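Notebook open, structure loaded. I want the overall fold first, then the core, then a few residues that caught my eye.

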Amino acid sequence: MSAARALPITATLLTGTVALYITLVAFGNITDFGTNQQFVQHVLAMDTTFKDDDLMWRAVESKGLQDTAYVAIIVWETVAALVLILGTYQWVRRDVVRARRTSTVGLLMLMLLFGAGFVAIGGEWFAMWQSEDWNGLDAAMRVFLLSAVVLIVIHLPVDRGVNGGEV
């Protein structure tokens with residue numbers, strides 16, 4: 001199999017894998033709302049951190065704000081899942097230019113959520129790294145790195161002739 005054929009197949013399978021993953025995450029958060037709702041509440045409340053007075057002013061204790069943040073996360077995950085499903089469909093249809101563009105949007109959405117949202121804001125601003133019970137940094141980093149690897153793969157050059165042009 002030539003590289004020109006192998007890369008789109010690889011991109012299809014990897015994009016589909018991430019689409020499946022985030023679809024299941026969003027579905028789980030919707031159908032089992034309370035489990036990860038508790039996670040978000042504890043991280044934002046900073047109630048399992050070292051309780052350093054210099055940091056605790058950052059805590060968000062309002063249940064309304066905590067729930068709003070959690071719903072926003074679920075909406076973001078759901079939209080990212082739909083975008084990646086569309087990207088996978090475009091890869092299957094061999095519409096490489098659109099598939100690459102769409103997949104890039106979906107993967108960047110996940111990298112923003114898990115990198116900026118969970119690692120930076122949750123991990124550092126809300127000191128999630130201090131919690132033994134409510135620390136999602138390892139899981140967030142796995143999703144961030146998986147998305148980054150897939151993003152790199154889908155942007156590898158493909159020979160001319162695929163979908164009528166260089167991509």
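**Fold.** I counted secondary structure elements before anything else: the protein chain has 6 helices and 0 strands. Read in sequence order, the pattern is α-α-α-α-α-α. Note to self: this is a predicted model.

I then looked up the overall dimensions, and the C-alpha trace spans about 60 × 30 × 20 Å along its principal axes. Of the 167 residues in the protein chain, 44% are buried. I also checked how far apart in sequence the contacting residues lie. Taking contacts between residues at least 6 apart, 73% join residues at least 24 apart.

**Surface and charge.** The protein chain exposes about 9300 Å², and carbon and sulfur atoms supply 65% of that area. For charges I got 11 positive and 15 negative, with mean positions 20 Å apart.

**Core.** Which residues have the most contacts inside the largest nonpolar core? I found Leu84, Leu107, Leu110, Phe114 and Ile154, in a core of 38 residues. H1, helix H2 (33–45), H4, H5 and H6 each supply at least two residues of this core. H5 gives the most, with 9 residues. The background I keep in mind here: in soluble globular proteins, nonpolar side chains tend to be buried together.

I picked Phe114 for a closer look. Setting aside residues up to four places away in sequence, Phe114 touches Ile22, Val119, Ala140, Val143 and Phe144. Ala140 and Val143 turned up again in the next entry, on the list of buried residues in H6.

**Helix H6.** This helix covers residues 137–154, which makes 18 residues. From first C-alpha to last, H6 reaches 26 Å, close to the 26 Å expected at 1.5 Å a residue. I listed its buried residues: Leu137, Ala140, Val143, Ser147, Ala148, Val150, Leu151, Val153 and Ile154. Several spacings in that list made me recall the helix rule. An α-helix has 3.6 residues a turn, so residues three or four places apart point the same way.

What covers the buried residues of H6? The cover includes helix H1 (3–31), helix H4 (63–92) and helix H5 (96–125).

Ile154 also led me to Arg100, which is found in helix H5. The two are 54 residues apart along the chain, yet their C-alpha atoms are separated by 6.3 Å. Is Arg100 buried or exposed? Arg100 is buried, with a relative accessible area of 11%; the cut-off for buried is under 20%.

**Helix H4 and Gly87.** I checked H4 in the same way: 30 residues, reaching 43 Å from first C-alpha to last, close to the 44 Å expected at 1.5 Å a residue. Gly87 is found in this helix. Its relative accessible area is 0%, so I put Gly87 down as buried. What is Gly87 in contact with, leaving aside neighbours within four places in sequence? I noted Thr15, Ala99, Thr102 and Ser103. For Ser103 I also looked up the backbone distance: the C-alpha atoms of Gly87 and Ser103 are separated by 4.8 Å, with their positions 16 residues apart along the chain.

**Two positive phi values.** Neither of these residues is a glycine, so I wanted to see where each one sits. Met46 has a positive phi of about 55 degrees and lies in the loop between H2 and helix H3 (53–56). Arg94 has a positive phi of about 65 degrees and lies in the loop between H4 and H5. Then I asked of each: buried or exposed? Met46 is buried, with a relative accessible area of 0%. Arg94 counts as exposed, at 61% relative accessibility.

**Trp125.** Met46 came up once more when I looked at Trp125, a residue of helix H5. Not counting residues up to four places away in sequence, Trp125 touches Met46, Trp57, Arg58 and Ala120. Trp125 and Arg58 are 67 residues apart in sequence and 7.4 Å apart in space, C-alpha to C-alpha. I logged Trp125 as partly exposed, with a relative accessible area of 39%.

Notes: Residues are numbered from 1 along each chain as its sequence is written. This is a predicted model: local features need pLDDT of at least 70, side-chain atom pairs count only at pLDDT 80 or more; totals for chains, interfaces and linings use all residues. Side-chain values use heavy atoms; hydrogens and water are left out. Helices (H or I, at least four residues) and strands (E, at least two) are DSSP runs, numbered from the N terminus. Buried means under 20% relative accessible area, exposed over 50%, partly exposed in between (1.4 Å probe, protein chains only). Contact means heavy atoms within 4.5 Å. Accessible areas come from the Shrake-Rupley method with a 1.4 Å probe; for residues, only the protein chains shown count as cover. Lys and Arg count as positive and Asp and Glu as negative; His and the chain ends are not counted. The place of a charge is taken as NZ of Lys, CZ of Arg, CG of Asp or CD of Glu. The expected span of a helix is 1.5 Å times one less than its number of residues. A nonpolar core is a set of buried Ala, Val, Leu, Ile, Met, Phe, Trp, Tyr and Cys residues joined through side-chain atoms within 4.5 Å.
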